[in-house]
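I opened this notebook to keep track of what I looked up, one entry per topic. The entries follow the order in which I went through the model.

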Amino acid sequence: MTLTAAPASKIDQALASRLAAIVGERRVLFRPSELLTYASDGLPSYSKQPGLAVFPGTREEVIAVVRELARLGLPFVPRGAGTGLSGGALADGVVLVGLNRLSRILSIDAENGRAVVEPGVVNVSLSRAVAALGYHYAPDPSSQTACTIGGNVAENAGGPHCLKYGVTTNHVVALTVLLPSGEVVTLGNASGEQEGYDLVGTFVGSEGCFGIALDVTVRLSRNPESVRTLLADFLSIDAAARAVSAIVATGIVPAALEMIDQATIRAVESSIYAAGYPVDAAAALLIELDGATAGLEHDVATVEALCASNGARTVRVARDDAERARLWQGRKKAFGAMGRLASHLVVQDAVVPRTKLPEVLAQIAEIGVRQRVRICNVFHAGDGNLHPNIPYDASDADESARVHLAMREIMTACVNAGGSITGEHGVGLDKLPYMDLIFTPESLATMCALREVFDPDRRSNPGKVVPVHACREWHMAPSARPHREIL
Amino acid sequence: MTETLTASVDALRECVLDAGARGVALRVVGRGAWLDAGRGARTTESISTRELAGIIEYVPGDLTLTARAGTTLAEIREATAEHNQRLALDPHGTDDGTLGATVATASAGPLAASFGTPRDLTLGVEFVMGTGAVARGGGRVVKNVAGFDLTRLLTGSWGTLGILTEITVRLHARPEADESFAVSLERPGSAESVRRVLRRLPFTPYACEIVNDTFAAFLGIGHGETALLRLGGNAAAVRAQRTAFAELGVPREIDAAVWTRLRQAEPAGAIVFRMSHSASEIARTWTEANAVAVGCAGTLLHASPTRGVVRCIVPSSDGAAGWLRRAFGAPTMTTRIGERLPVDLWPMVSSAPASDPISSGIKRTFDPKSVLNAGILGEVQ
């Protein structure tokens with residue numbers, strides 16, 4: 001049992017040759033210049049270069065690669081499209097196993113609303129493939145045109161429409177998993193109820209630390225008969241937050257309920273993604289209602305009235321699909337629009353109880369003023385899932401330090417409000433320092449121990465999710481010793 | 001069997017550590033409603049969480065509620081009803097059951113068709129492991145991916161990994177209209193036609209169950225195979241939903257109390273199990289279940305066509321257990337899950353669902369001395 005990653009010296013030309021014999025020479029990257037592309041994920045504030053990157057093209061090749069790494073005791077990091085926002089797919093001097101070439105949809109079962117996909121299938125490709133059958137795949141992270149289902153499974157990804165439809169874990173029914181040892185196991189029951197431990201639910205969101213999903217059986221969602229998209233703008237964030245609470249309290253579950261603050265509106269409106277959001281509004285709510293046509297207009301009218309009674313200046317209902325798409329484009333590309341504001345961008349992913357939104361948003365504004373950083377909020381208000389973004393210049397050491405402080409203060413405010421440190425981006429490297437804020441040493445040690453059931457040598461995505469010190473404590477705790485011997 | 005009542009997490013932890021030191025296995029119990037289910041736990045003493053009760057935090061605006069494990073579903077129903085909300089779980093049995101037992105067994109009833117099971121509605125848990133460690137998974141917010149998902153792992157683990165002490169659940173606001181209907185199905189074997197209608201509809205009913213003739217009579221809603229519908233939303237939506245079912249027959253409005261009677265339909269000593277397969281196979285699963293009803297007089301059947309599940313309630317009789325023993329020996333396409341069975345039938349129905357290497361590894365890690373509900377999931381130690 002090793003607590004640290006195997007020495008990088010084992011990654012050498014001989015390893016590259018052995019892996020090339022499995023996947024072909026073109027699919028193994030070993031030169032530093034080639035590996036630079038894989039030094040970051042969607043969060044540019046981290047840079048960790050892998051020692052080698054290998055891109056198997058078939059399930060058999062993935063198994064052969066992982067078995068070879070197991071034989072050599074080498075750690076590895078699974079990676080999908082690398083769009084993650086927590087540094088979770090970064091390989092620091094170890095082997096990166098890219099799964100984006102496994103991009104086949106293996107089967108679609110329209111009768112039961114199920115599909116079996118390889119891990120490298122791009123999220124939106126699945127929805128496109130099943131659209132003619134009247135289905136879509138509901139979890140829709142903003143990166144859905146690039147991110148992969150395998151990555152979504154690893155991160156338990158969410159998205160705007162998860163308010164009504166649930167996150168990734170609510171849509172995965174079975175998995176074939178390659179354990180880091182090279183053993184292949186089936187989790188869940190694709191047809192029928194599953195008794196015993198919920199190993200599918202345990203694997204989803206394990207951030208690549210429990211192994212690699214070779215295929216994923218997902219639940220498809222029927223396309224709604226009708227969709228209405230509303231944009232309500234407010235002269236205060238507080239009023240917008242009150243409207244959110246009022247809507248949720250009615251029992252109407254919007255498909256999406258998103259808040260966009262003034263800083264974000266202005267960034268979007270001055271970019272190529274301009275969506276027609278009113279630039280003088282303090283905040284706007286993008287609200288989508290969907291479902292059966294009958295009764296939907298009644299819900300639209302209720303939501304309009306609630307926005308108005310909570311201080312909305314105007315409420316606009318998109319007249320057609322083109323207007324609807326434009327309103328959504330502004331929201332989904334807000335992150336890209338902020339890229340124009342500065343060379344670097346950090347994004348937080350905390351969750352607070354919905355009723356604490358006004359209070360926490362006020363604290364975030366105060367933190368921005370005090371630390372002299374520009375905070376743009378664009379987030380899933382219906383879930384209380386905040387995404388404060390801070391554009392900044394990383395070459396300015398003073399500004400970087402203030403950004404770092406602001407991020408920590410925001411996270412602390414959210415935790416103090418009874419929230420969580422991540423709603424959908426995962427812990428990865430980025431949230432690792434905050435795990436101690438919400439979990440006790442015993443809880444963290446339990447997570448370490450659970451990981452070791454799947455990956456006794458901790459070779460799969462080492463150093464992520466649970467702080468290393470928590471795992472050390474687990475090993476040192478006298479109460480933990482006897483059963484380690486059994487294992 | 002000696003029973004220990006614990007009113008605090010510390011006392012519970014001490015009790016678990018003490019049992020481990022003495023080499024004793026504990027039967028983990030809420031209010032004990034399912035103790036006669038026949039599950040083969042190898043335990044000599046029991047520990048109950050029923051005094052570890054009470055709602056800890058309920059903020060209606062957040063639609064979340066945190067309660068101690070021994071809190072009854074009835075208490076949660078009353079507290080949430082004041083704010084026109086509910087916990088959308090209607091497991092079989094009464095609301096005297098505890099939240100802890102519901103989550104530990106992942107028990108769900110007809111509402112699961114629309115709202116999901118405890119695995120979808122449980123947001124966070126605190127539990128005492130077999131090692132005596134107290135751990136938490138998840139939290140009190142509706143969306144959370146911090147750390148490995150101990151909440152999902154513990155939900156439905158039947159108290160074999162940890163004793164749940166505190167649970168946070170997601171609530172739902174009650175809709176403007178929530179109406180129940182019965183539709184008599186003209187032809188036998190109508191399960192498939194109901195599924196086909198449901199598949200075409202642009203909405204999901206809150207609940208849709210098909211009951212056999214015997215069950216319809218028991219519920220007092222007429223005779224013959226009958227579909228029970230629970231429709232919710234605004235008044236216009238419910239009107240349209242009702243009309244959408246017209247092709248199955250004429251929906252008759254019925255009292256919502258039918259769902260309570262359905263949940264509590266088990267006669268004393270009944271044998272209860274579920275059969276499941278893909279929803280598209282519901283016709284075959286329903287046929288297989290009807291064979292049970294033919295073989296065992298008085299059998300009540302109800303199917304959730306969208307979930308592909310049929311639940312069989314077989315009244316106790318001299319012949320029933322023997323008939324089922326023979327039936328369970330025959331090959332089947334369906335997955336059988338036991339709820340309440342004679343001891344000797346358990347291995348034939350739920351054959352060690354937690355005995356695979358990963359489940360066994362998890363059990364050894366969380367409960368190395370096998371203190372908690374030993375053997376209840378047929379786990380290998």
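Entry 1, a helix across strands. In this predicted model, I looked up helix α16 of chain A, residues 441-454, and found that it lies across β7 and β8 of chain B, running at about 75° to β8(B).

Entry 2, the sheet in chain B. I then turned to the sheet that holds these two strands, which is an open sheet of 5 strands in chain B with the order β4-β5-β9-β7-β8 and antiparallel pairing. I noted β4 (55-59) and β8 of chain B as the edge strands, each of which pairs on one side only. For the angle between neighbouring strands of this sheet I wrote down 15° on average, with direction ignored. Looking at one pair in detail, I found that β7 (residues 122-129) and β9 (residues 162-170) of chain B run antiparallel and are joined by 7 bridges. As an example of a bridge partner, I recorded Ile163(B) in β9(B) for Val128(B).

Entry 3, a residue in a loop of chain B. Is Ala146(B) buried or exposed? I placed Ala146(B) in the loop between β8 (134-138) and α6 (150-154) of chain B, and I count Ala146(B) as buried because it has 27 C-beta neighbours inside 10 Å, where 20 or more are needed. Leaving aside neighbours within four places in sequence, I found Ala146(B) in contact with Ser420(A), Ile421(A), Thr422(A), Val427(A) and Ile438(A). I also checked Ala146(B) against Met1(B), which is 145 residues away along the chain, and the C-alpha atoms of the two are separated by 40 Å.

Entry 4, the interface. I next took the two chains together and found 63 residues of chain B in contact with 73 residues of chain A. On the side of chain B that touches chain A, the elements giving two or more residues are α5 (118-121), β8, α6, α9 (235-244), β15 (271-276), β18 (335-340) and α14 (357-366) of chain B. Of these, α14(B) gives the most, with 6 residues. I recorded the make-up of this side of chain B as 29 nonpolar, 23 polar and 11 charged residues.

Entry 5, the largest nonpolar core. Which residues touch the most other members of this core? Of its 266 residues, I found that these are Val95(A) and Leu285(A). I followed up Leu285(A) and, leaving aside its neighbours within four places in sequence, listed its contacts, among them Ala232(A), Val244(A), Leu257(A), Glu258(A), Cys307(A) and Ala381(A).

Technical notes
Residues numbered from 1 in each chain as written. Chains lettered and ligands numbered in written order. Predicted model: local features only at pLDDT ≥ 70, side-chain atom pairs only at ≥ 80, totals over all residues. Core = buried A, V, L, I, M, F, W, Y, C linked by C-beta atoms within 7 Å. Buried ≥ 20, exposed ≤ 12 C-beta atoms within 10 Å, placed from the backbone. Contact = placed C-beta atoms within 7 Å. Helix = DSSP H or I, 4+ residues; strand = E, 2+ residues; numbered from the N terminus. Nonpolar A, V, L, I, M, F, W, Y, C, P; charged D, E, K, R; others polar. Pairing = 2+ DSSP bridges. Axes fitted to C-alpha atoms, helices over the stretch in contact; angles between N-to-C directions.
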